[in-house]
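Here are my notes on the model you sent over. Have it open while you read, and click along as the residues come up.

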Amino acid sequence: MSAPRFSVANASSGALPLVAMIVAIIASGIGGILVKQVSVDGLNVAFYRLWLGSALMVVLLVASRHRLTMREMMLSAPAGAVFGVNMVLGFTAIKITTVANATLIGALQPALVLLVAGPWFGERVGRWEIGWTAVSIAGVGILIAGASSSPEWSPQGDGLALLGVFLFTGYFLASKRIRESVATVAYMAGVHIAAAIVVTPVALVHGLEVSALSGGDWARILTVVLTRGV
């Protein structure tokens, strides 16, 4: 009997998506801590994170020999605008409330996706998924309520984090649709460029704090660029 042959298709239907999800969760948790430690506010962090991310995506485009077309840019731009606003809200929430709260509230996003996954994508959602989703929402609510006694807790920060969840859910669902007609690298490049363009006027009016950033701050932001999506 010959040994089973490994292929990318087999990996995609097996452990690879689970590993990718675990890595993304870990990176998201670490990213929140790094953002909290940066000396400037959430809007400034989002501005630098998006432009550095855009530069990285352009490098990847060149490396993959893919030229971003106007059609790909136009298709990616709406999702990019939502992505940028969501990043500002998320980073600001991390800055003004506890990292734990901002991260836990962000963890509610899969629950919102679950509500629309069936109607939008024809995916079957069973009682098991619904039941455990309800349990997770209740658990998040209990933990958030418990954090209200912390001096670092902010209801405004929690509110921004919750608004960010709704925006990121919209971005996530739109991405699944758009990705059917736009290559991954091109889509992420378009998203980052559009997000950076949307955030830039607000950041300029608000005031950029370049001199306030230390070498450690730049290292943290760069780490966030390389490891954290939002």
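**Notes on the model**

1. A search of the whole structure turns up one salt bridge. Keep in mind that this is a predicted model. The pair is aspartate 217 and arginine 220, whose side chains meet at 3.2 Å, N to O. As background, side chains of opposite charge can pair when their charged atoms come close.

2. Where do aspartate 217 and arginine 220 sit relative to each other? They are three residues apart in helix 10 (residues 215–227), so about one helical turn separates them. Their surroundings are worth a look too. Aspartate 217 counts as buried because its relative accessibility is 1%, and the cut-off for buried is under 20%. Arginine 220, at 25% relative accessibility, counts as partly exposed.

3. Now the overall layout. The protein chain has ten helices and zero strands, so if you read the elements from the N terminus on, you get α-α-α-α-α-α-α-α-α-α. Of its 230 residues, 36% count as buried. Look at contacts in the chain with a separation of 6 or more, and 90% of them come from residues 24 or more positions apart.

4. Helix 8 (residues 155–178) is a good one to follow, starting with helix 4 (residues 70–96). Their axes come within 8 Å and cross at roughly 155 degrees. Are the two parallel or antiparallel? Roughly antiparallel, because the angle is over 145 degrees. Helix 4 passes helix 8 in a left-handed crossing.

5. Who is involved in that contact? From helix 4, the residues include Leu75, Val82, Phe83, Asn86, Leu89 and Ile96. From helix 8, they include Gln156, Leu160, Gly164, Phe168, Tyr171 and Ile178. By class, the contact of helix 4 with helix 8 divides into 15 nonpolar, five polar and no charged residues.

6. Helix 8 also packs against helix 5 (residues 99–106), at an angle of about 25 degrees and with the axes 9 Å apart. Helix 5 and helix 8 are therefore roughly parallel to each other, and helix 5 passes helix 8 in a right-handed crossing. On the helix 5 side, the contact is made by Asn101, Ala102, Ile105 and Gly106. Their partners in helix 8 are Asp158, Ala161, Leu162 and Val165. The class count for the contact of helix 5 with helix 8 is five nonpolar, two polar and one charged. Note that Ala161 of helix 8 is listed in the contact with helix 4 and again in the contact with helix 5.

7. The next neighbour on my list is helix 9 (residues 184–206), whose axis is 11 Å from that of helix 8, at an angle of about 140 degrees. How are helix 8 and helix 9 oriented to each other? They count as oblique, since 140 degrees is not over the 145 needed for roughly antiparallel. The crossing of helix 8 and helix 9 is right-handed. Tyr171, Ser175 and Ile178 in helix 8 meet Tyr187, Met188 and Val191 in helix 9. Sorted by class, the contact of helix 8 with helix 9 has five nonpolar, one polar and no charged residues. Tyr171 and Ile178 appear in the contact with helix 4 and in the one with helix 9.

8. Serine 39 deserves a click. Its place is in the loop between helix 2 and helix 3. Leaving out residues up to four places away in sequence, serine 39 touches Lys95, Ala212 and Asp217; that last partner is the aspartate of the salt bridge. Serine 39 and serine 214 are 175 residues apart along the chain, and their C-alpha atoms are separated by 7.9 Å.

9. Another pair that is distant in sequence is isoleucine 30 and threonine 227. They are 197 residues apart in sequence and 8.6 Å apart in space, C-alpha to C-alpha. Isoleucine 30 lies in helix 2 (residues 16–37) and, at 45% relative accessibility, counts as partly exposed.

10. Last, a backbone oddity to check. Arginine 65 is not a glycine, although it has a positive phi of about 55 degrees. Is this arginine 65 buried or exposed? It counts as exposed, because its relative accessibility is 80%. Arginine 65 is found in the loop between helix 3 (42–63) and helix 4.

Note on methods:
Residues are numbered from 1 along each chain as its sequence is written. This is a predicted model: local features need pLDDT of at least 70, side-chain atom pairs count only at pLDDT 80 or more; totals for chains, interfaces and linings use all residues. Side-chain values use heavy atoms; hydrogens and water are left out. Axes are lines fitted to C-alpha atoms, for helices over the stretch in contact, and angles run from 0 to 180 degrees between N-to-C directions. Helices (H or I, at least four residues) and strands (E, at least two) are DSSP runs, numbered from the N terminus. Angles under 35 degrees count as roughly parallel, over 145 as roughly antiparallel, 65 to 115 as roughly perpendicular and the rest as oblique. A crossing is left-handed if the near helix is turned anticlockwise from the far one by less than a right angle, and right-handed if clockwise. Contact means heavy atoms within 4.5 Å. Ala, Val, Leu, Ile, Met, Phe, Trp, Tyr, Cys and Pro count as nonpolar, Asp, Glu, Lys and Arg as charged, and the others, Gly among them, as polar. A salt bridge is a side-chain nitrogen of Lys or Arg within 4 Å of a carboxyl oxygen of Asp or Glu. Buried means under 20% relative accessible area, exposed over 50%, partly exposed in between (1.4 Å probe, protein chains only).
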